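Trainee: Before going through the details, could we look at the model together?
Mentor: Yes, here it is.

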Amino acid sequence: MDRRTSLQWMLAASASGPALAAGTKIERKPPMTGNSGIGTDPDLARRYKSGELWPLSFTERERRCASALCALIIPADEGSPSAADLQVHVFIDEWVSAPYPDQQRDRAMILKGLAWLDAESEKRFGSVFAAASVAQQSQIADALCKPLAADAPLAEAARFFARFRDLTAGGFYTTPEGMKDVGFVGNTPSATFDGPPVAVLKLVGVS
């Protein structure tokens, strides 16, 4: 994924979320933070490769885990490929690796959350999350989707899951395949303008 595409996805996926406070500890050096000269594209006509402007965060194990979670959140169907097929986990890696405050807060949450998923999957099923069956992965995800008290044992993991889900949806629905999946045609030429559909006008109460 090139940098321009990453930035387009980032803008669309800018939902907020708190940091995951606890979970499996990860010893890792922080990415580039506070470096001058980062944050603007030095050459708007250039297409940058993933990881070229800042180091990516995911290890191979984390990438597999993130890919499996993306595929679980938005699986393939008759209308579109899965979020993992569209490399949304690569976008999330780019997102959490960017040296900006919001992305750095997400980085701490996402990395701890992925580690928690693997640890939870190993505890329950004896295998990491990516190696578990879809049914087993769903058991864990379903537990994180339930409304939880702020101090419940799974509350922090649930906040991670909610943030990861938002990033996955933001990444997926800003790809051409995702936009097509919701019927968005964008700036395409049209010989006529028929106005909004009646159903939409009724929905917003202006028909």
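**Questions on the fold**

Trainee: Among contacts between residues at least 6 apart in sequence, what share joins residues at least 24 apart?
Mentor: This is a predicted model, and the contacts counted here are those between residues at least 6 apart in sequence. Of these, the share that joins residues at least 24 apart is 71%.

Trainee: How many helices and how many strands are there in the protein?
Mentor: From the N terminus on, the elements run α-α-α-α-α-α-α-α. The count is 8 helices and 0 strands.

Trainee: What percentage of the residues in the protein is buried?
Mentor: The protein has 207 residues. A residue counts as buried when its relative accessible area is under 20%. Buried residues make up 37%.

Trainee: What part of the area the protein exposes is supplied by carbon and sulfur atoms?
Mentor: The protein exposes about 11,700 Å². The part from carbon and sulfur atoms is 56%.

Trainee: Which residues have the most contacts inside the largest nonpolar core?
Mentor: In soluble globular proteins, nonpolar side chains tend to be buried together. The largest nonpolar core here has 32 residues. Helices α2 (60-73), α3, α4, α5 (134-145) and α6 (155-172) each supply at least two residues of this core. Those with the most contacts inside the core are I92, L117, F160 and F164.

Trainee: Leaving aside neighbours within four places in sequence, which residues is I92 in contact with?
Mentor: I92 is one of the buried residues of α3, and it is among those with the most contacts inside the largest nonpolar core. With neighbours within four places in sequence left aside, its contacts are F58, C70, F164, L167 and T168.

Trainee: How many residues of α3 are buried?
Mentor: Helix α3 covers residues 88-97. Its buried residues include charged ones, among them D93 and E94. The helix is largely enclosed by the rest of the structure, because the number of its residues that are buried is 10 of the 10.

Trainee: Is D93 buried or exposed?
Mentor: D93 lies in helix α3. Leaving aside neighbours within four places in sequence, D93 is in contact with L56, S57, F58 and R63. Its C-alpha atom is separated by 8.8 Å from that of A66, 27 residues apart along the chain. The relative accessibility of D93 is 0%, so D93 counts as buried.

Trainee: Why is α3 called oblique to α4?
Mentor: Helix α3 and helix α4 (residues 101-125) have axes 7 Å apart and pack at an angle of about 120°. An angle of 65 to 115 degrees would count as roughly perpendicular, and one over 145 as roughly antiparallel. The angle of about 120° fits neither range, so α3 is to α4 oblique.

Trainee: Which residues of α3 and α4 make the contact?
Mentor: By class, the residues divide into 3 nonpolar, 3 polar and 2 charged. Helix α3 brings W95, V96 and S97, and helix α4 brings Q103, Q104, D106, R107 and I110.

Trainee: Is Q103 buried or exposed?
Mentor: Q103 lies in helix α4. With neighbours within four places in sequence left aside, Q103 is in contact with W95, V96 and A98. The relative accessible area of Q103 is 9%, so Q103 is buried.

Trainee: Which classes of residue form the contact of α5 with α6?
Mentor: The two helices pack at an angle of about 100° with their axes 8 Å apart, and are therefore roughly perpendicular to each other. A141, L144 and C145 in α5 meet A157, A158 and F161 in α6. By class, this contact has no polar and no charged residues and 6 nonpolar.

Trainee: What is the phi of Q87?
Mentor: Most residues other than glycine have a negative phi. Q87 is found in the loop between α2 and α3, and is partly exposed, with a relative accessible area of 41%. Although Q87 is not a glycine, its phi is positive, at about 65°.

Technical notes:
Residues numbered from 1 in each chain as written. Predicted model: local features only at pLDDT ≥ 70, side-chain atom pairs only at ≥ 80, totals over all residues. Heavy atoms only, no water. Axes fitted to C-alpha atoms, helices over the stretch in contact; angles between N-to-C directions. Helix = DSSP H or I, 4+ residues; strand = E, 2+ residues; numbered from the N terminus. Parallel < 35°, antiparallel > 145°, perpendicular 65-115°, else oblique. Contact = heavy atoms within 4.5 Å. Buried < 20%, exposed > 50% of the residue type's maximum accessible area, 1.4 Å probe, protein only. Areas by Shrake-Rupley, 256 points an atom, 1.4 Å probe, with all protein chains shown as cover. Core = buried A, V, L, I, M, F, W, Y, C linked by side-chain atoms within 4.5 Å.
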